[in-house]
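Q: I have a model open and want to go through it piece by piece. Can you take me through it in plain terms?

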Amino acid sequence: MTEIPRGTLEEQTFYEQVGGEQTFRRLVHLFYRGVAEDPLLRPMYPEEDLGPAEERLALFLMQYWGGPRTYSDGRGHPRLRMRHAPFTVDRAAHDAWLRHMRTAVDELGLSPEHERTLWNYLTYAAASMVNSEG
Ligand code: HEM
């Protein structure tokens, strides 16, 4: 039987494969640049400073994709649908959220396969966060 040497692609998490913390921080930073200018989304964010929200989303995505578990160390179990319950996530909010994500993902310049994996997840997750009709 042939052994697969350590450190080959098979053993790397998606987090590592796409460049680790730096990549996720960049993604989320680009995303919040769009949110900051968005007339529908910006007023939904309770804090004046978007920095802490940016930090939470970055840490969550890093953890989700196999990076450090810093998000849960600070915030506990994600329970994202529950955490979004105070906000009206309708079709328009969903579309705006994904539009800014799309722009951010495009700027990362990932391989087509990594990009597809990430995008499939983001679209699925965004759809599952919708909690209001309209
Ligand atoms: C579909 C449209 C969405 C809208 C309009 C939306 C909006 C919001 C808002 C207003 C907050 C509160 C900001 C804060 O204080 O952190 C928030 C938090 C958060 N969102 Fe979303 N969100 C959406 C989708 C998603 C998706 C798809 C994910 C994950 C892939 C996500 C992950 C998070 C995380 C991790 C937090 C911080 C939770 C915490 O620890 O408190 N959101 N979102």
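A: First a term: helices (H or I, at least four residues) and strands (E, at least two) are DSSP runs, numbered from the N terminus. Residues are numbered from 1 along each chain as its sequence is written. This is a predicted model, where local features need pLDDT of at least 70, side-chain atom pairs count only at pLDDT 80 or more, and totals for chains, interfaces and linings use all residues.

Q: OK, the ligand. Which element gives the largest share of the shell around it?

A: H3 does, with four residues.

Q: And which residues come nearest to the ligand?

A: Ala53, Arg56, Phe60, Trp97 and Ala125, out of 21 residues around the ligand. A residue is near a molecule if its C-beta atom, placed from the backbone, lies within 6 Å of it. The elements giving two or more residues to the shell are H3, helix H5 (80-84), H6 and helix H7 (112-129).

Q: How many of the shell residues are nonpolar, polar and charged?

A: The shell has 15 nonpolar, two polar and four charged residues. Here Ala, Val, Leu, Ile, Met, Phe, Trp, Tyr, Cys and Pro count as nonpolar, Asp, Glu, Lys and Arg as charged, and the others, Gly among them, as polar.

Q: New topic: H2. Which of its residues are buried?

A: Thr23, Phe24, Leu27, Val28, Phe31, Tyr32 and Val35. Buried means 20 or more other C-beta atoms within 10 Å of the residue's own, exposed means 12 or fewer, and partly exposed is in between, with C-beta atoms placed from the backbone.

Q: Where do they sit on the helix?

A: Seen down the axis of H2, they fall within an arc of 160°, so they line one face. The arc is that of the directions from the helix axis to the C-beta atoms.

Q: What do they pack against?

A: Helix H3 (51-64) and helix H6 (91-108). For example, Leu27 is in contact with Ala104, Val105 and Leu108, leaving aside neighbours within four places in sequence. Contact means C-beta atoms, placed from the backbone, within 7 Å.

Q: What about Glu21, buried or exposed?

A: Neither: Glu21 is partly exposed, because 14 other C-beta atoms lie within 10 Å. Glu21 is in helix H2, and touches Met62 and Gly67, not counting residues up to four places away in sequence.

Q: How far is Glu21 from Leu61?

A: Their C-alpha atoms are separated by 9.6 Å, although the two are 40 residues apart along the chain.

Definitions and conventions. Two residues are in contact if their C-beta atoms, placed from the backbone, lie within 7 Å.
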